[in-house]
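Subject: Structure for you to look at

Hello,

Here is the structure I promised to pass on. Please open it and keep it beside this email as you read.

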Amino acid sequence: MGLLGDKPIIGIILDENTSQGGASYETGKGYFRAIEKVGGVAIGLPYAADSLAFAREYCAGLMSTGARIKFPSEWYVPGQESYAPQSDRFAIERALVETFLAEDRPYLGICNGMQMLGCLSGCRMSGDAKSYTDGSIAHDDRMTRHGLKVTPGTKLHAITGLEYLQVNSFHREALVEISDHVRVSGYSDDGLVEAIERPDRRFALGVQWHPERLIDDTDDADALFRAFVGAAHEWTKAARLQPSTL
């Protein structure tokens, strides 16, 4: 369970072409390449009920990709709901993330995946991130690079060994109310929450930027995926010692 040979299997929730009606899956190859580069096996999970059963049976870790989809209205602060479209991705993604958190399996949320982790942990978000900043960073721009302050003592700090990162940015929405169940592990230079983690889980991290686009450019991006896949490998070894819990 959870391994192919000695490589941990990571389930990746697929994205879709929401701008064209959501009729096709459309996920960047970088997510898969990032997992494979650090010794994992990446498997795409479609929006099907069987994806949950498959992931529980075979996946040692779960990664949630970026997306532009609408969350429930109660997940947003008043007057700050999303302009993104509804998607059938939401139901299966929520079920997957809730299950992996409940079973303490490693989870890495990227962009939309960080927002999912945060909202399932009691945070709330805004559909208009720029209204919470001074406008000095163009967050909704694939070419943007900006600074990020890493919170000392967090898992992100331990993974990267750095207190300041240079990251990319491509999002319109952001977490703006943080619950007691998560810890903010990074802020952008203009004050947006850019990374969170669940201290009560072995590995449950969310990052607002897209590290899969930086694996050939920055050591910290490589370190993040390496730590995630390593945690999935450790989970599998621990799970095999307790077969009655699976």
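At what angle do helix α3 and helix α4 pack, and how far apart are their axes? This is a predicted model, so every value below is computed from it. Helix α3 covers residues 89-102, and helix α4 covers residues 112-120. They pack at an angle of about 65°. Their axes are 11 Å apart. The crossing of α3 past α4 is right-handed.

Now look at who makes that contact. From α3 come R89, F90, E93, R94, V97, E98 and L101. From α4 come N112, G113, M116, L117 and L120. Sorted by type, the residues of this contact are 6 nonpolar, 2 polar and 4 charged.

The whole protein

Next, step back. The protein has 6 helices and 12 strands. Its C-alpha atoms fill a box of roughly 50 × 40 × 35 Å along the principal axes. For 246 residues, a compact globule would have a radius of gyration near 18 Å. The protein has 17 Å, which agrees. Of the 246 residues, 55% count as buried. Now take the contacts with a separation of 6 or more. Residues 24 or more positions apart account for 71% of them.

Helix α4 and its surroundings

How many of the 9 residues of α4 are buried? The count is 8, so the helix is mostly covered. The buried ones are N112, G113, M114, Q115, M116, L117, G118 and C119. Just after α4 comes G122, with a positive phi near 100°.

Work backwards from α4 and you meet two more positive phi values. C111 sits in the loop between β5 and α4. Its phi is near 60°, and C111 is not a glycine. D104 is in the loop between α3 and β5, a strand that covers residues 107-110. D104 is not a glycine either, yet its phi is positive, about 55°.

The cysteines

How many disulfides does the structure hold? The number is 0. Take C111 first. The closest cysteine sulfur to that of C111 is in C119. It is 13 Å away, too far for a bond, because a disulfide needs two sulfur atoms within 2.5 Å. C119 is in no disulfide either. The nearest cysteine sulfur to C119 is that of C123, 6.8 Å away.

Are C111 and C119 buried or exposed? C111 is buried, with a relative accessible area of 5%. C119 has 7% relative accessibility and also counts as buried. The reason is the cut-off: buried means under 20%.

Three residues to click on

Start with F71. It lies in the loop between β4 (61-64) and α3. F71 counts as buried, at 3% relative accessibility. Which residues does F71 contact, leaving aside neighbours within four places in sequence? They are Y76, F90, N112, Q115, M116, C119 and M125. You have met F90 already, on the α3 side of the helix contact. N112 and M116 are on the α4 side. F71 and M125 are 54 residues apart in sequence. In space they are 9.6 Å apart, C-alpha to C-alpha.

Go on to E177. This residue is in strand β9, residues 174-177. E177 counts as partly exposed, at 35% relative accessibility. Not counting residues up to four places away in sequence, E177 touches V77, C123 and R124. Measure E177 against C119 too: they are 58 residues apart along the chain, and their C-alpha atoms are separated by 9.4 Å.

Finish with I43. Its place is strand β3, residues 41-45. I43 counts as partly exposed, at 28% relative accessibility. Which residues are in contact with I43, again leaving aside neighbours within four places in sequence? The list is I9, I10, G11, I12, F32 and F54. L62 is 19 residues from I43 along the chain, with 9.6 Å between the two C-alpha atoms.

Best wishes

How values were computed:
Residues are numbered from 1 along each chain as its sequence is written. This is a predicted model: local features need pLDDT of at least 70, side-chain atom pairs count only at pLDDT 80 or more; totals for chains, interfaces and linings use all residues. Side-chain values use heavy atoms; hydrogens and water are left out. Axes are lines fitted to C-alpha atoms, for helices over the stretch in contact, and angles run from 0 to 180 degrees between N-to-C directions. Helices (H or I, at least four residues) and strands (E, at least two) are DSSP runs, numbered from the N terminus. A crossing is left-handed if the near helix is turned anticlockwise from the far one by less than a right angle, and right-handed if clockwise. Contact means heavy atoms within 4.5 Å. Ala, Val, Leu, Ile, Met, Phe, Trp, Tyr, Cys and Pro count as nonpolar, Asp, Glu, Lys and Arg as charged, and the others, Gly among them, as polar. Buried means under 20% relative accessible area, exposed over 50%, partly exposed in between (1.4 Å probe, protein chains only). The radius of gyration is taken over C-alpha atoms; the globule rule is 2.2 Å times the number of residues to the power 0.38.
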